[in-house]
Amino acid sequence: GLDPAGPYFEGTPPEVRLDPTDANFVDVIHSNAAHFPAIGFGIYNTTGHLDFYPNGGTVMPGCTSLTPEMKQSDFEVIIADATIIGGCHHSRSHEFYFESILYPTGYLGYPCEMYESFQSGDCFPCSQEGCPMMGHYADRFPAKLKRVNQKYFLNTAADPPFATWRQKVFIKLSGVKKMRGDINLIFHDTEGNTKEYEIASGVLSQDQVYTKYLDVEINPKNTKKIEFLWNKTIFTLLWARLGAETVNIIHGED
């Protein structure tokens, strides 16, 4: 089910919409399940054995966000122009599936009740039962038929191949007691690709452990170097040393 239709199907009985009894294994990707009064062409309720909600399942990064408010009666007028309003978000489900064939480990879905809980890290890492992969390899998940009505969340990149690997970063600083600036990590892979992510900014202190959840676009298996970088705030008079005493990184199911 690649973003199965929501308008006129949301909240309806299983007999008239996609549901787990329709096949031996019903695998669903929700990518445009916005609720009225916002426009959304997909359904938000769980409708399969495994239901994946990339980026929360409603609005996809990299798409122009056109979500004007409307009345239910306006939907018939707008549905004809789906390629302009919501079409990009709606079609992302197909693109995620295509890319998952080539990136079998890049779409790990975490069981969670709400997207907000996933974003804050409450559903990381995976439990002992493991987590399924969104897309082509979802059917390899041993418990694929045992968790009906469970939502699986993950974040993706804004551009192809969209694959990301969730990581939890702990950094303890060393050097001066206090300094204003920002600390970043730069991930390098074996093919020369780099991605930079901000961990903290403002007043930095060696007395604090900085924690951040990142959805990194560099495959951990191909990572050859992770660079620690700190930038001092402009016009700070003190030329002090600041470094990382420890950098701890947990990723995926590890």
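Here is a short chat about the pockets and one helix of a predicted model.

Colleague: Let's start with the pockets. Which residues are closest to the centre of the largest pocket?

Modeller: That pocket has a volume of about 340 Å³. It has 17 lining residues, and they split into nine nonpolar, three polar and five charged. The ones closest to the centre are Y103, P161, D189, N193 and E217.

Colleague: And the second largest pocket, which domains does its lining draw on?

Modeller: This one comes in at about 290 Å³. Its lining has 20 residues, with T105, L108, M133, W165 and G252 nearest the centre. By class, that lining is eight nonpolar, seven polar and five charged. At least three lining residues come from each of two domains: domain 1 (27–154) and domain 2 (165–251).

Colleague: Now helix 2. How far apart are its end C-alpha atoms, and what span should it have?

Modeller: Helix 2 covers residues 87–102, which makes 16 residues. At 1.5 Å a residue they should span 22 Å, and that agrees with the model, because the end C-alpha atoms are 24 Å apart.

Colleague: Where is the kink in helix 2 centred?

Modeller: The bend in helix 2 is about 30°. One of the buried residues of this helix sits at its centre. That residue is S93.

Colleague: Which residues of helix 2 are buried?

Modeller: Buried here means under 20% relative accessible area. In an α-helix, residues three or four places apart point the same way, because there are 3.6 residues a turn. For helix 2, the buried set is G87, H89, R92, S93, F96, E99 and S100.

How values were computed. Residues are numbered from 1 along each chain as its sequence is written. This is a predicted model: local features need pLDDT of at least 70, side-chain atom pairs count only at pLDDT 80 or more; totals for chains, interfaces and linings use all residues. Side-chain values use heavy atoms; hydrogens and water are left out. On a 1 Å grid over the protein atoms alone, a cavity is a set of points where a 1.4 Å probe fits but cannot get out, and a pocket is an open set with protein on both sides within 12 Å along at least five of seven lines; lining residues have an atom within 4 Å of a point. Grid points are joined across faces, edges and corners, and a volume is the space filled by probe spheres set on the points. Ala, Val, Leu, Ile, Met, Phe, Trp, Tyr, Cys and Pro count as nonpolar, Asp, Glu, Lys and Arg as charged, and the others, Gly among them, as polar. Domain bounds come from an automatic or database domain assignment. Helices (H or I, at least four residues) and strands (E, at least two) are DSSP runs, numbered from the N terminus. The expected span of a helix is 1.5 Å times one less than its number of residues. The bend at a residue is the angle between axes fitted to the seven residues ending there and the seven starting there. Buried means under 20% relative accessible area, exposed over 50%, partly exposed in between (1.4 Å probe, protein chains only).
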